[in-house]
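Good morning, and thank you for the opportunity to present. Please look at the sequence and the structure as they come up, and keep them in view while I speak.

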Number of protein chains: 2
Amino acid sequence: MLLTKTNVRSIILSMKKGEDTKQTILECALQLASQVGLESMTIGTLAAETGMSKSGLFAHFQSKEKLQIEIIEHAGHEFASQVVAPALKMPAGIPRVSALVENWIAWGANIKGGCIFVSASTEFSDRPGRVREALLRQQEAWIDSLRRIAQSAIQVGHFRKDIDCDQFAFELYSLLLGFHYYHKLLQDAETKKRQEISLKQLLDKYRQQ
Amino acid sequence: MLLTKTNVRSIILSMKKGEDTKQTILECALQLASQVGLESMTIGTLAAETGMSKSGLFAHFQSKEKLQIEIIEHAGHEFASQVVAPALKMPAGIPRVSALVENWIAWGANIKGGCIFVSASTEFSDRPGRVREALLRQQEAWIDSLRRIAQSAIQVGHFRKDIDCDQFAFELYSLLLGFHYYHKLLQDAETKKRQEISLKQLLDKYRQQ
């Protein structure tokens, strides 16, 4: 179900008093973009969906491209604080990898249309420009997080020293993408179980015996 | 780069005389939709991009929804004949799985914006209706092909008898999705190598020792 004016307003009203209005708008915009696609996110669409004035939104974002980039950057900030940062508080190694995966799944579940980076990546892979560049920066940062988490797992002796951390990042992200597709499109009831089996086997493959 | 009127016309002109016009239009529409998104594919867009008359296109498709469904069904037909059918001509087991993966990669490379099913899945996972249903049918057929190919690999003794063929399908599709994302958005030069390493290890995991 798409966000409606009523539930967008309830999100806005539920935000704590004094929180930055722009952040509130961006959070609504992120939820909408995850469902209708980033390319459909114009200042006009956002005004129509939220019931806010177009001129007020224009004062914040100036152009569709700037709105799209700010949605991506807002999502990147939220992703860092909801997915990566809490994982880094866990002990390095297997517990940290497991936390990262659970946080990623929870992050997608908290966005109406699922992880915005997955949908925006297919939307913008063939659209060169500043939006694609912003998206690429976020995805490179994510893959770098996966690589570093593998490196720290080597340091604490959970992963073997001879593993390729970039290969690990590729395999773990592939697994999460598979989870996303099965969960969102196929709505396969077994998806969580499949992801858990695959993750266990992936960790066993890299594990220090 | 997007398709232009000039190169769309050259595609049409290069089609063999007597080939069905509708199939020709659908092939152009598929290429465009893979780049701009299926949701942007209206009869008006297609007319503007191909230089064909809107009334002529309307006679073929009647509505945007019908056009979108016919693009998906055309893609499904092409996918079956380019990816699945040639793999089924290979000997069952590892050679058939390997052929399927190579055909899938070649299929994506032959479409300007990459595999339409990957992009359409993120676009339509939250849009209930006939387009999503058509897409789901195609994706279920694809996953069924992966499952059957694993079953035939058991029958010829390449895969162990105790494997879960649905789990194999999930893992192989995840790997292909990872390949798609790394290749299309990140444009990582190592992607093909990473996919080959992961595929080899995936096959080893299921292989009869």
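A:Asp144 has a relative accessibility of 25%, so it counts as partly exposed; by that scale, buried means under 20% relative accessible area, exposed over 50%, and partly exposed in between, with a 1.4 Å probe and protein chains only. This is a predicted model, in which local features need pLDDT of at least 70 and side-chain atom pairs count only at pLDDT 80 or more, while totals for chains, interfaces and linings use all residues. Residues are numbered from 1 along each chain as its sequence is written, chains are lettered from A and ligands numbered from 1 in the order in which they are written, and side-chain values use heavy atoms, with hydrogens and water left out.

What does A:Asp144 form with A:Arg148? The two form a salt bridge, with their closest N and O atoms 2.7 Å apart; the term requires a side-chain nitrogen of Lys or Arg within 4 Å of a carboxyl oxygen of Asp or Glu. Both residues belong to helix 8 of chain A and are separated by 4 residues, about one turn of the helix. Helices here are DSSP runs of H or I with at least four residues, numbered from the N terminus. An α-helix has 3.6 residues a turn, so residues three or four places apart point the same way. A:Arg148 is exposed, its relative accessible area being 53%. A network of salt bridges links A:Asp144, A:Arg147, A:Arg148 and A:Asp166.

Over all chains, a search of the whole structure finds 36 salt bridges. In chain B, the side chains of B:Glu70 and B:Lys22 meet in one of these, at 3.1 Å from N to O. That pair links distant parts of the chain, since B:Glu70 is in helix 5 (residues 64-88) of chain B and B:Lys22 is in helix 2 (residues 21-36) of chain B, 48 residues apart. B:Glu70 is buried, with a relative accessible area of 15%, whereas B:Lys22 is partly exposed at 21%.

A further salt bridge joins the side chains of B:Arg127 and B:Glu39, at 3.8 Å from N to O. B:Arg127 lies in the loop between helix 7 (116-124) and helix 8 (130-155) of chain B, and B:Glu39 in the loop between helix 2 and helix 3 of chain B, so the pair ties together parts 88 residues apart in sequence. B:Glu39 is partly exposed, at 23% relative accessibility.

I turn now to helix 3 of chain B. Which residues of this helix, residues 43-50, are buried? They are B:Ile43, B:Leu46, B:Ala47 and B:Thr50. These residues cover an arc of only 100° around the axis, which puts them on the same side of helix 3 of chain B; the arc is taken from the directions from the helix axis to the C-beta atoms. B:Thr45 is also found in helix 3 of chain B, and at 24% relative accessibility it counts as partly exposed. A polar atom of the B:Thr45 side chain lies 3.0 Å from the backbone oxygen of B:Ser40. Just after the helix, B:Gly51 takes a positive phi of about 75°.

Next, the interface. How many residues does the contact take from each chain? Chain A gives 42 residues and chain B gives 43, where contact means heavy atoms within 4.5 Å. The area buried between the chains is about 3700 Å², with carbon and sulfur atoms giving 58% of it; buried area is the accessible area, with a 1.4 Å probe, that two parts lose on being put together, summed over both. A:Phe170, A:Tyr181 and A:Leu185 supply 20% of the area that chain A buries against chain B, more than any other three residues. Across this interface the rule finds 4 salt bridges. The side chains of A:Lys184 and B:Asp126 meet in a salt bridge at 3.3 Å, N to O. Helix 9 of chain A provides the largest share of the side of chain A that touches chain B, 16 residues.

Finally, the interior. The largest nonpolar core has 138 residues, and those with the most contacts inside it are A:Trp104, A:Trp142, A:Phe159, B:Trp104, B:Trp142 and B:Phe159. Such a core is a set of buried Ala, Val, Leu, Ile, Met, Phe, Trp, Tyr and Cys residues joined through side-chain atoms within 4.5 Å. Leaving aside neighbours within four places in sequence, A:Trp142 is in contact with residues including A:Phe79, A:Leu100, A:Trp104 and A:Tyr173.

Notes:
Helix = DSSP H or I, 4+ residues; strand = E, 2+ residues; numbered from the N terminus. Polar contact = N/O pair within 3.5 Å; in protein donor to acceptor, adjacent residues only side chain to side chain.
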